[in-house]
Amino acid sequence: MGDNPYQDDRGNKDRSITKTHGVGQTPLRKGGKAVPVEGDAPFLIGEAMTGGYGKGPDILHECTIAVNAGEIAVIVGPNGAGKSTAMKAVFGMLDVRKGRVLLDGEDITALSPQDRVQKGMGFVPQTNNIFTSMTVEENLEMGAFIRRDDIRSTMEQVYELFPILRDKRRQAAGELSGGQRQQVAVGRALMTKPKVLMLDEPTAGVSPIVMDELFDRIIEVSRTGLPILMVEQNARQALAIADKGYVLVQGANAYTGTGKELLADPDVRKSFLGG
Ligand SMILES: Nc1ncnc2c1ncn2[C@@H]1O[C@H](COP(=O)(O)OP(=O)(O)O)[C@@H](O)[C@H]1O
Ligand SMILES: [Mg+2]
């Protein structure tokens with residue numbers, strides 16, 4: 001927060017635009033500034049987000065996803081439910097027509113994705129999340145592009161978390177296995193030293209053993225105090241490690257609770273967890 005050189009410029013020619021946001025039909029344009037918020041919100045929340053792609057129909061309908069400090073929050077739901085869209089909305093990759101995104105005491109709804117990275121968001125998208133023709137180490141260096149300080153200790157931490165990446169650091173990332181590529185993607189996001197980590201299906205397409213390993217690493221990252229908001233296909237396993245869970249259906253919140261509550265809910269079990 002305090003490191004934003006533009007912060008004193010907040011006093012703010014675009015107030016009128018900010019105000020219509022949340023009630024109007026005009027998508028909020030990116031390129032604005034962060035605004036402090038009152039009260040205690042979760043560390044990161046996409047709140048009552050409504051919106052879709054370009055001029056297309058709304059995909060999200062008052063959709064809320066959030067993560068508290070020190071916690072893991074998991075988003076599950078059927079294919080096409082809007083899980084990735086909700087993550088992209090939180091990251092600023094699509095314009096929400098209603099709702100807002102708050103991060104660490106600030107309304108960041110108007111910020112571009114790049115500015116959200118500066119504010120401390122680390123995002124690993126579901127697809128195209130590594131540079132396949134670059135080496136593992138170059139991928140990690142790319143991850144640190146916003147930093148001016150020495151990145152070596154962070155790289156060392158990533159290699160300690162994912163030792164296989166150290167062994168393969170000179171190899172093209174595209175030559176790695178699915179699970180290893182996902183490690184590169186997560187490592188790349190960690191290189192910015194984010195304040196919150198957003199993962200969209202980090203275990204997609206990997207074997208059950210590799211999935212367990214990745215979950216263990218994710219828990220390890222979370223224990224360092226980094227809040228994690230993640231989408232998962234492996235709903236049962238993911239909810240088992242989740243402090244908070246969200247079931248999305250057709251772009252809206254269907255069920256919300258602790259991971260335990262959702263795992264125990266008969267409706268959730270029947271409809272989303274295979275009984
Ligand atoms: N780039 C895009 N442009 C237009 N529509 C999209 C785009 N990406 C996803 N969608 C649509 O948004 C809906 C939700 O997709 P998505 O968020 O990817 O679901 P999930 O991640 O839950 O599988 C789907 O109907 C999908 O076709
Ligand atoms: Mg998805």
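A residue is called buried here if 20 or more other C-beta atoms lie within 10 Å of its own, exposed if 12 or fewer do, and partly exposed in between, with the C-beta atoms placed from the backbone. Strand S9 (residues 228–231) shows the idea nicely, as Ile 228 and Met 230 on one side and Leu 229 and Val 231 on the other are all buried. Helices (H or I, at least four residues) and strands (E, at least two) are DSSP runs, numbered from the N terminus.

Before going on, some ground rules. This is a predicted model, in which local features need pLDDT of at least 70, side-chain atom pairs count only at pLDDT 80 or more, and totals for chains, interfaces and linings use all residues. Residues are numbered from 1 along each chain as its sequence is written, while chains are lettered from A and ligands numbered from 1 in the order in which they are written.

**The overall picture**

The protein chain has eleven helices and eleven strands. Of its 275 residues, 42% are buried. Two residues are in contact if their C-beta atoms, placed from the backbone, lie within 7 Å. Among contacts between residues at least 6 apart in sequence, 69% join residues at least 24 apart.

**The six-stranded sheet**

Two strands pair if DSSP finds at least two bridges between them. On that basis, S9 belongs to an open sheet of six strands with mixed pairing, in the order S7-S8-S9-S4-S10-S11. S7 and strand S11 (252–257) sit at the edges, each pairing on one side only. From one strand to the next, the twist averages 15°. For angles like this, axes are lines fitted to C-alpha atoms, for helices over the stretch in contact, and angles run from 0 to 180 degrees between N-to-C directions.

Helix H7 (178–190) packs on this sheet, where H7 touches S7 and S8 and makes about 165° with the direction of S7. Strand S7 (residues 121–124) is buried too: Met 121 and Phe 123 point one way, Gly 122 and Val 124 the other way, and all are buried.

Here are three parallel pairings from this sheet, each with one pair of facing residues:

| Strands | Sense and bridges | Facing residues |
|---|---|---|
| S7 and S8 | parallel, four bridges | Val 124 and Leu 199 |
| S8 and S9 | parallel, four bridges | Leu 199 and Met 230 |
| S4 and S9 | parallel, four bridges | Ala 73 and Leu 229 |

Further along S4 (residues 72–76), Ile 75 stands opposite Val 231 in S9.

How does the chain get from S8 to S9? Look at S8 (residues 196–200) and its partner Leu 199, which stands opposite Met 230 in S9. From S8 the chain crosses through helix H8 (residues 208–223) to S9, and this β-α-β crossover is right-handed. Right-handed means that, with the strands pointing away from the viewer, the path from the first strand over the helix to the second runs clockwise.**Two loops beside S8**

Lys 193 lies in the loop between H7 and S8. Its phi is near 55°, a positive value in a residue other than glycine. Lys 193 is partly exposed, because 17 other C-beta atoms lie within 10 Å. Glu 201 sits in the loop between S8 and H8, and phi of Glu 201 is near 55° as well, again positive in a residue other than glycine. Glu 201 counts as buried, because it has 22 C-beta neighbours inside 10 Å.

**The five-stranded sheet and H2**

There is also an open sheet of five strands, with antiparallel pairing and the order S1-S6-S5-S2-S3. Its edge strands are S1 (35–36) and S3 (58–67), each pairing on one side only. Inside this sheet, S2 (residues 44–52) and S5 (residues 98–103) pair in the antiparallel sense over five bridges, with Leu 103 in S5 as the bridge partner of Leu 44.

Helix H2 (residues 83–91) lies across S2, S3 and S5, running at about 70° to S3. H2 is mostly covered, with eight of its nine residues buried; among them are Met 87, Val 90 and Phe 91. Right after H2 comes Gly 92, with a positive phi near 85°.

**Around ligand 1**

A residue counts as near a molecule or strand if its C-beta atom, placed from the backbone, lies within 6 Å of it. The residues around ligand 1 include Tyr 53, Ile 59, Asn 79, Lys 83, Ser 84 and Thr 85. H2 gives the most to this shell, with three residues. By class, the shell has three nonpolar, seven polar and one charged residues, where Ala, Val, Leu, Ile, Met, Phe, Trp, Tyr, Cys and Pro count as nonpolar, Asp, Glu, Lys and Arg as charged, and the others, Gly among them, as polar.
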